[in-house]
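This report introduces a structure to a reader who has not met it before. Please look at the sequence and the three-dimensional view before reading on.

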Amino acid sequence: MPKSFFPQIKPIQYEGPASRNPLAFKHYHAEEKVEGKSMKEHLRFAVVYWHTMRGTGGDMFGWGTAQRPWQTGEGTVKEAVLRARAMFEFVEKLGAPFYCWHDRDVAPHGPTLADSNRAFDTVGAELKKLQKDTGIRLLWGTAQNFVHPRYMHGAATSCHADAFCFAAAQVKKAMEWTHELQGEGYVFWGGREGYSTLLNTDLKREMDHLGRFLHMAVDYKKKIGFKGPFYIEPKPKEPTKHQYDSDAAACLNFLREYELLPHFKLNIETNHATLAGHTMQHELEVAAAAGALGSIDANMGDVMLGWDTDQFPTDLYLTSQVMLSILKHGGFTTGGTNFDAKVRRESFTEEDLFLAHIAGMDAFARGLKIAAAIRKDGRLAEFVTRRYRTWDTGIGARIEAGKASFADCEKHALKLGEVSGLESGRQEYLEALYNEFL
Ligand code: XUL
Ligand code: CO
């Protein structure tokens, strides 16, 4: 076993904005306080197992380009244990407090469910030891219910009841290990919970099955005493033509309809938002308005491409807008900033994995500082408050309090003759104001 998978990399340090060292943070200063809380506590960075450990840079047109020393290709439990050590060395050197996994990223698929469970138990025990040794914690776990051919028609929404049972068994086991590893939360992303064509699909029946599945998960959560939140991660499509939990609003509607909302929050991912035709900020605000803003998958897409490119988030407009929404709604509790992002196929070295995460962490640290500066300045929030001031007193206040009827509104309007005092929305001015802080 190699002593180190990244022998050339020393723990990444904060060196400040003047540093020219690519393997140093210029802005992410873990203990530095922003709005009275350390950056580390605000941002709660997490590294994903799937892209960072398992990604090879392969795409539909070409083989992988990255040859990782922890990917021997054996598909054995022994390889999985070595990979776990590589993962923890990476996260520890990076200085991120959290990580996330799918069950089948950490341990191999076995020939039977019992074999898969046994493999997971062995690797899970190693993860527990590594967490204890390093202090790195699990932000969330999830089940990979979309890779295996048995899920070709879906998992919880499969036309085949046996596939549903395999998916349930996988989630059950993944929840057990999330609990055992003291995960902060548990994620459901419905990779194949949708359809390719409505010609062969009973949409209502599939949605009912998904509702049933999630209720079973809630029951099991109570049974094992797991206290962390469940998150649904919206995405509109890819690999399906249409995924049922397509965006924040669709997820919230689904959760309400099936009486699941008290048990769930949302895990919002940037590239999923843009695939749904929304901005990340839109999705965050929709989730927050329902009290369901849980966690984020931090990445970004490419405006010229219509698929999930999962790039590392380096756009300061994006990161500052995200942090503005997060701060406005009270900050993360159990959630965090999870880099569901992968290096480009051309960025194939181990060093690139560090450079990419440093880029994302620095961009989010700057986003946090920008958002805090905008809040401290106060002009933006004050503008919004002022814009709604007719609702604070008089007829506006009575409407908000539910104490006015249509007849009252009519009486008020008749008395006025016309609406007066409409003011400019000042979009261009506000965009310029925002730019002052970048
Ligand atoms: C896929 C995606 C997933 C979820 C976890 O687009 O984002 O990796 O985050 O299953
Ligand atoms: Co994701």
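The sections below describe the surroundings of two ligands in a predicted model.

## The shell around ligand 1

Ligand 1 is surrounded by Trp 50, His 102, Trp 140, Trp 189, Glu 233, Lys 235, Glu 269, His 272, Asp 297, Asp 308 and Asp 340. Sorted by class, this shell holds 6 charged, 3 nonpolar and 2 polar residues.

## Polar contacts and burial of ligand 1

Oxygen atoms of ligand 1 take part in several polar contacts with side chains. A polar side-chain atom of His 102 is 2.7 Å from an oxygen atom of the ligand, and a side-chain N or O atom of Glu 233 is likewise 2.7 Å from an oxygen atom of ligand 1. For Asp 308, the distance from a polar side-chain atom to a ligand oxygen atom is 3.1 Å. On its own, ligand 1 would expose 300 Å², of which the protein buries 94%.

## The cobalt site

The cobalt ion (ligand 2) has as its protein donors Glu 233 (OE), Glu 269 (OE), Asp 297 (OD) and Asp 340 (OD), at 2.0 to 2.1 Å. The arrangement is octahedral because the 6 donor atoms around the cobalt ion subtend angles of 80 to 174°.

Along the sequence, the donor residues follow the spacing E-x35-E-x27-D-x42-D. Glu 269 in strand 12 (residues 264-269) and Asp 297 in strand 13 (residues 293-297) are 28 residues apart, and the pair links distant parts of the chain. Both Glu 269 and Asp 297 are buried.

Definitions and conventions:
Residues are numbered from 1 along each chain as its sequence is written. Chains are lettered from A and ligands numbered from 1 in the order in which they are written. This is a predicted model: local features need pLDDT of at least 70, side-chain atom pairs count only at pLDDT 80 or more; totals for chains, interfaces and linings use all residues. Side-chain values use heavy atoms; hydrogens and water are left out. A residue is near a molecule or strand if one of its heavy atoms lies within 4 Å of it. A polar contact is a pair of N or O atoms within 3.5 Å; within protein, one must be able to donate a hydrogen and the other to accept it, and residues adjacent in sequence count only if both atoms are side-chain atoms. Accessible areas come from the Shrake-Rupley method with a 1.4 Å probe; for residues, only the protein chains shown count as cover. Ala, Val, Leu, Ile, Met, Phe, Trp, Tyr, Cys and Pro count as nonpolar, Asp, Glu, Lys and Arg as charged, and the others, Gly among them, as polar. Donors are N, O and S atoms within 2.8 Å of the metal (3.2 Å for Na, K and Ca); water is not among the atoms, so sites may look incomplete. Four donors count as tetrahedral if all angles lie between 85 and 135 degrees; four count as square planar and six as octahedral if opposite donors are over 155 degrees apart and all others between 65 and 115; anything else is irregular. Helices (H or I, at least four residues) and strands (E, at least two) are DSSP runs, numbered from the N terminus. Buried means under 20% relative accessible area, exposed over 50%, partly exposed in between (1.4 Å probe, protein chains only).
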